[in-house]
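This report describes some helix contacts and one loop residue. Please look at the sequence and the structure first.

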Amino acid sequence: MYADERLLMSLLRSDLRQERDRLLGASGGGGDFYVPFWEAAKRHVAEHSDLRDEVIELIARNPRRERLYSALRDGFLSWWNEARRQRNEPLELKQETVRAVFQVEELGAEVRVENVLAINVSDHSSRIIYPYFVEDPVLQDEAARLGLWLLGQALPDYPLQDVRILDVMRGDAFALSDAPLQGNEELLFHNQYNRVLTRWRALRPEYGLE
């Protein structure tokens with residue numbers, strides 16, 4: 001949503017090519033390389049493995065992603081080590097899976113919240129960490145604010161002050177104190193979603209899609 005026009009069109013074209021290829025029965029192309037990294041990061045938090053070692057293995061399996069895997073590793077460890085230093089108390093991975101689907105009926109939109117990193121802290125509260133993996137655009141305050149609002153809508157059982165959005169590559173976590181809600185988040189979401197949807201629909205005929 002917060003990509004500039006050039007990047008947005010590039011992302012939409014990539015999405016439409018993938019949709020066309022799926023309809024034609026073409027194979028996927030390797031899958032999402034973020035997923036194995038994030039699973040490795042969770043194992044690091046649980047102290048079941050060392051993320052540095054796991055990233056070496058991930059790069060060995062997918063050498064073309066060496067730069068990105070290395071950036072994700074460094075950003076995550078920078079954030080995680082600082083989080084542990086600031087609290088100076090045990091932090092442990094929650095056992096239950098945190099996921100949700102948020103329906104926006106006015107737009108016919110469905111926002112899926114999954115792959116959350118949920119952590120228990122010693123005061124019996126939680127930290128709900130939602131990852132932002134993308135290299136470009138960098139996560140800015142307004143986008144983080146909109147993301148926090150969406151997470152609050154999707155996960156009403158968790159206090160929003162316990163929710164964070166982590167820009168993994170840069171090791172920056174956004175909380176309500178960093179990006180406080182201003183009351184116009186629903187309007188922002190509708191406007192940004194419609195901006196993307198309008199361009200996506202306009203491009204579909206170029207790819208033989210209705």
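## Helix α1 against helix α6

In this predicted model, one helix contact joins α1 and α6. On the α1 side, the residues that take part are Glu 5, Leu 8, Met 9, Leu 12, Arg 13, Asp 15, Leu 16 and Glu 19. They meet Arg 195, Val 196, Arg 199, Trp 200 and Leu 203 of α6. Sorted by class, this contact of α1 with α6 holds seven nonpolar and six charged residues, and no polar ones.

Helix α1 spans residues 5-23, and its axis comes within 10 Å of the axis of α6. The two axes cross at roughly 55°, and α1 is therefore oblique to α6, since this angle is neither under 35 degrees nor in the range from 65 to 115. The crossing of α1 and α6 is right-handed.

## Helix α5 against helix α6

Helix α6, residues 185-203, also packs against α5, residues 141-154. Here the angle is about 105° and the axes lie 10 Å apart. Angles of 65 to 115 degrees count as roughly perpendicular, so α5 and α6 fall into that group.

From α5, the contact draws on Glu 142, Arg 145, Leu 146, Trp 149 and Leu 150. From α6, Glu 185, Glu 186, Leu 188, Phe 189 and Gln 192 take part. The contact of α5 with α6 has five nonpolar residues, four charged residues and one polar residue.

## The two sides of helix α3

Which residues of α3 are buried? In this helix, which covers residues 51-61, they are Leu 51, Glu 54, Val 55, Leu 58 and Ile 59. Viewed down the axis of α3, these buried residues lie within an arc of 140°, so they line one face of the helix. An α-helix has 3.6 residues a turn, so residues three or four places apart point the same way.

The buried residues of α3 pack against two other helices, α2 (34-45) and α4 (66-87). Ile 56 and Ala 60, on the other side of α3, are exposed.

## A buried loop residue

Asp 162 sits in the loop between α5 and β6, the latter being residues 163-167. Is Asp 162 buried or exposed? Its relative accessibility is 12%. Buried means under 20%, so Asp 162 counts as buried.

Leaving aside residues up to four places away in sequence, Asp 162 touches Ser 125, Ser 126, Arg 127 and Ile 128.

Technical notes
Residues are numbered from 1 along each chain as its sequence is written. This is a predicted model: local features need pLDDT of at least 70, side-chain atom pairs count only at pLDDT 80 or more; totals for chains, interfaces and linings use all residues. Side-chain values use heavy atoms; hydrogens and water are left out. Axes are lines fitted to C-alpha atoms, for helices over the stretch in contact, and angles run from 0 to 180 degrees between N-to-C directions. Helices (H or I, at least four residues) and strands (E, at least two) are DSSP runs, numbered from the N terminus. Angles under 35 degrees count as roughly parallel, over 145 as roughly antiparallel, 65 to 115 as roughly perpendicular and the rest as oblique. Contact means heavy atoms within 4.5 Å. Ala, Val, Leu, Ile, Met, Phe, Trp, Tyr, Cys and Pro count as nonpolar, Asp, Glu, Lys and Arg as charged, and the others, Gly among them, as polar. A crossing is left-handed if the near helix is turned anticlockwise from the far one by less than a right angle, and right-handed if clockwise. Buried means under 20% relative accessible area, exposed over 50%, partly exposed in between (1.4 Å probe, protein chains only). The arc is that of the directions from the helix axis to the C-beta atoms.
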